[in-house]
Amino acid sequence: VQEALKEGGRSSTGGSRANRLRSVLVISEIAAALVLLIASGLMLKSFWRLQHVDPGFQAENLLTLDLQLPELKYREAPQQLLFQQQLLQRIASIPGVSNAATVDNLPFSGNEAYLGFSIEGRPTPNPADRPRAYHRVISSDYMQAMGIPFRSGRPFNDHDNADAPAVAIVNEETARRYWPGEDPIGRRIKRGRPDSKNPWMTIVGIIGPIRHTSLGVESQPEFYVPFLQNPDSALTLVVRSASDPGNINNAVRGELLQIDRDLPASNIKYMSDLIAKSVAQPRLYAVLLIIFAGVALILAAVGIYGLLSYSVSQRRQEIGIRLALGAIPGTIRKLVLVQALRLVIVGLILGLVLGLAFTRLMASLLFGVSATDPLIFVLISLLLFCVALLASYFPARSATRVDPLTALRYE
């Protein structure tokens with residue numbers, strides 16, 4: 001028996017270099033799988049939080065249409081004002097339309113106008129220190145159509161026309177940054193330098209924060225001016241529907257063609273689609289990492305299973321002798337599982353170290369999630385440990401089914 005056990009030991013460890021190489025490969029697979037699983041977990045949590053960010057307005061049931069009025073036909077301000085007035089009246093009369101408005105730079109459209117402005121009563125700052133904010137031209141019902149809440153003051157109305165004093169609306173970020181601890185209502189600002197020919201505009205309202213460029217970008221300083229005082233040939237129609245905005249597509253196109261048959265009416269978009277497009281890149285990163293992590297997890301499980309299955313076949317004679325001497329199946333199973341656990345623990349430790357280094361590099365891709373989120377690290381490690389344990393169980397179970405009589409027949 002002693003010689004047989006020695007022979008079994010030699011047969012199981014005779015290729016120690018090959019065994020070490022196989023073990024190193026399995027440990028590497030476990031470590032790589034853990035790094036990718038942690039990265040994908042962080043990206044998924046980041047994407048989930050990004051999807052639940054409040055943009056500052058109600059994007060549901062919102063239809064948009066970009067319009068560029070021909071310069072030859074709408075060169076003068078009265079022509080532009082007349083077109084906008086007719087457009088809003090016709091669109092608002094469509095059954096199922098709750099509100100209709102216009103804006104020059106729609107949120108999530110990629111169009112922006114970042115302007116410097118002056119504040120009345122303050123000294124002229126250096127050009128680098130001049131107050132700046134995003135400038136938007138809107139119709140009177142824009143805030144209502146978009147579902148943007150007012151914090152104080154009033155919205156624009158039809159009396160804010162070219163014959164009335166110039167007015168403006170600012171957002172909370174503008175008020176906080178340029179009038180800290182003060183109420184900007186009633187203050188006056190001017191586009192450009194104080195000595196420019198632009199009119200002074202009285203601030204009449206303050207609105208809540210809005211994310212214009214991306215869900216992951218905080219609200220920036222903005223000020224809004226009425227279209228009636230600042231007409232332009234470029235505008236975007238915003239239509240809020242009482243139900244699915246797709247139901248009013250044809251009606252909106254029809255009304256636009258009734259006003260001017262030369263204007264294109266095929267670029268209708270939905271605000272929900274624009275927001276979804278803004279998170280397309282984070283979604284792609286999350287999907288790719290999930291695919292890579294899934295492949296790495298499968299490879300790690302297959303590697304553990306293959307290594308242990310080969311080890312059991314190499315140690316079949318030894319296992320058979322142990323069973324013949326009275327070893328219970330639980331002892332044999334433990335023998336194989338301990339071998340697997342050593343590899344898994346080493347792989348997890350290595351993977352955690354590499355994961356801490358790798359996730360710090362991807363911190364700029366995350367939103368609202370720490371690159372070292374302990375919950376993600378713990379849950380992913382437990383997941384990989386359970387998968388590795390499951391892959392180890394089947395070779396361990398097959399080891400308990402070795403026939404001692406067959407195993408004892410050796411040369």
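A residue is buried under 20% relative accessible area, exposed over 50% and partly exposed in between, for a 1.4 Å probe and protein chains only. This is a predicted model, in which local features need pLDDT of at least 70 and side-chain atom pairs count only at pLDDT 80 or more, while totals for chains, interfaces and linings use all residues. Residues are numbered from 1 along each chain as its sequence is written, and side-chain values use heavy atoms, with hydrogens and water left out.

**Exercise 1. State whether Asn-61 is buried, partly exposed or exposed, and describe its backbone.**

Step 1. Asn-61 has a relative accessibility of 30%, so it counts as partly exposed.
Step 2. Its place is in the loop between H2 and S1; helices (H or I, at least four residues) and strands (E, at least two) are DSSP runs, numbered from the N terminus.
Step 3. Most residues other than glycine have a negative phi. Asn-61 is not a glycine, yet its phi is positive, about 60 degrees.

**Exercise 2. Check the length of helix H3 and find which way its buried residues face.**

Step 1. The expected span is 1.5 Å times one less than the number of residues.
Step 2. Helix H3 has 16 residues (77–92) and should therefore span 22 Å; its end C-alpha atoms are 22 Å apart, which agrees.
Step 3. The buried residues of H3 are Gln-80, Phe-83, Gln-84, Leu-87, Leu-88 and Ile-91.
Step 4. Down the axis of H3, these buried residues fall within an arc of 125 degrees, so they line one face of the helix. The arc is that of the directions from the helix axis to the C-beta atoms.
Step 5. An α-helix has 3.6 residues a turn, so residues three or four places apart point the same way.
Step 6. The partners of the buried H3 residues are strand S1 (62–68), strand S2 (97–103), strand S10 (234–241) and helix H6 (249–259), where contact means heavy atoms within 4.5 Å.

**Exercise 3. Describe the largest nonpolar core.**

Step 1. A nonpolar core is a set of buried Ala, Val, Leu, Ile, Met, Phe, Trp, Tyr and Cys residues joined through side-chain atoms within 4.5 Å.
Step 2. The largest has 37 residues, and Ile-30, Ile-38, Ile-304 and Leu-384 touch the most other members.
Step 3. At least two residues of this core come from each of helix H2 (16–51), helix H8 (280–314), helix H10 (329–361) and helix H11 (374–399).
Step 4. Apart from this core lies another, of 29 residues, including Ile-138 and Val-204.

**Exercise 4. Describe two of the aromatic pairs.**

Step 1. Rings of Phe, Tyr and Trp (its six-membered ring) pair if their centres lie within 6.5 Å; planes under 30 degrees apart count as stacked, over 60 as edge-to-face and the rest as tilted. The whole structure holds 5 aromatic pairs.
Step 2. Phe-57 and Phe-108 are edge-to-face, with 6.2 Å centre to centre and 65 degrees between the planes.
Step 3. These two residues are 51 residues apart, Phe-57 in the loop between H2 and S1 and Phe-108 in the loop between S2 and strand S3 (114–119).
Step 4. Phe-57 is buried at 5% relative accessibility, and Phe-108 is buried at 8%. Phe-108 also has a positive phi of about 65 degrees although it is not a glycine.
Step 5. Phe-117 and Tyr-178 are edge-to-face too, with 5.4 Å centre to centre and 85 degrees between the planes.
Step 6. Phe-117 lies in strand S3 and Tyr-178 in helix H5 (residues 172–178), so this pair ties together parts 61 residues apart in sequence.
Step 7. Phe-117, Tyr-178 and Phe-223 form one aromatic cluster.
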